[in-house]
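User: I'm new to this one. Could you show me how to read a few of its features?

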Amino acid sequence: MNPITVFLTVACLAVGAGLGATGHLYSGVAVAIVAIVIASALKMANTWQKFVILRAGKLRGVKGPGLFLIIPVIDRVVAVIDERIQTTAFGAEAALTKDTVPVNVDAIIFWFVHDAQKAALNITNYREAIDRVSQTSLREMIGSSMLAALLSERGAADEFLRGEIARKTADWGISVKSVEIRDVAIPVALQDAMSRQAQAEREKQARVILGSAEAAIAGKFVEAAMTYADHPAALQLRAMNIIYETTKERGATILIPTSMVDSLNPVVALALTGRDVASQNANGPRPPSPTR
């Protein structure tokens, strides 16, 4: 009973009791009867509720929200429908995928009643029916899907389930807002096998990348060798730089073989450099750059 009905009923009973106490017995009884009628006839529906009313077993209509009156005894409220968004958790245990892998899937559905009359009259218990239909649709979806697709394409699976459940519940006045798969559990042995497979794929990719890097480095070495072959002085200067880089570390003792020092003799590099300078002088000085 809603607060307004309770207040009016109590007020009428109090007035009736007061009239009876003052000697107006018939008036008090009449007011008490009015209180009983108000208690059974005045109804109030909240803004999210719809009341389905039958009159003598036939549909009278759907009332709400707000205050409304019914005829006591003749009219009867058979259902109070909540039109807010509802959530129902459901799942499937040991369901076989298309590639015969047993999985446990947990999901949740968000739905609401858009037609209170159908929800009250077309099905006995629409909440229980939503749960059963969701479980059945989930098992059908798992049976028609490969494990890889079920794990990687969650969005497509959610949309498929939403469409299937909405199609089956449309005649009940129920709309499905969304379906979300929360978890897909697979056997531990299969998890280990998939982990090893993923590790092998990553190792294969790493080796391919390493091979590509080696090929690129080899190409750069070939270019460097060709440059050094055309310019021996550049090779000698590079050798001097290598010796400098290896000896500039403080507090370290580095042993260099004599043969390596002889092969990287800086004197030869200077001689080659002097030969290049002499060749340039023999060819004549470069013309001066024009001034602006």
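**Rings and backbone**

Analyst: Sure. This is a predicted model. Start with Tyr126: its relative accessible area is 10%, which is under 20%, so Tyr126 counts as buried.

User: How many aromatic pairs does the structure hold, and how is such a pair described?

Analyst: In general, you describe two aromatic rings by the distance of their centres and the angle of their planes. Here there are two aromatic pairs. In one, Phe51 and Phe68 meet edge-to-face, 5.5 Å centre to centre with 75° between the planes. That pair links distant parts of the chain, with Phe51 in strand β2 and Phe68 in strand β4, 17 residues apart. Both Phe51 and Phe68 are buried.

User: And which residue does Tyr126 pair with?

Analyst: Trp111, again edge-to-face: the centres are 6.0 Å apart and the planes make an angle of 85°. Trp111 belongs to strand β7 and Tyr126 to helix α4, 15 residues apart along the chain. Trp111 is buried, at a relative accessible area of 1%.

User: What about the backbone? Which residues have a positive phi although they are not glycine?

Analyst: As a rule, most residues other than glycine have a negative phi. Ala56 goes against that, with a phi of about 55°. Ala56 sits in the loop between β2 and β3 and is exposed, at 66% relative accessible area. Val73 has a positive phi too, about 75°. Val73 lies in the loop between β4 and β5, exposed at 85%.

User: Where is there a cis peptide bond?

Analyst: Most peptide bonds are trans. The one joining Gly64 and Pro65 is cis, with omega about 0°. Look for Pro65 in the loop between β3 and β4.

Notes: Residues numbered from 1 in each chain as written. Predicted model: local features only at pLDDT ≥ 70, side-chain atom pairs only at ≥ 80, totals over all residues. Heavy atoms only, no water. Helix = DSSP H or I, 4+ residues; strand = E, 2+ residues; numbered from the N terminus. Buried < 20%, exposed > 50% of the residue type's maximum accessible area, 1.4 Å probe, protein only. Phe/Tyr/Trp six-rings, centres within 6.5 Å; stacked < 30°, edge-to-face > 60°.
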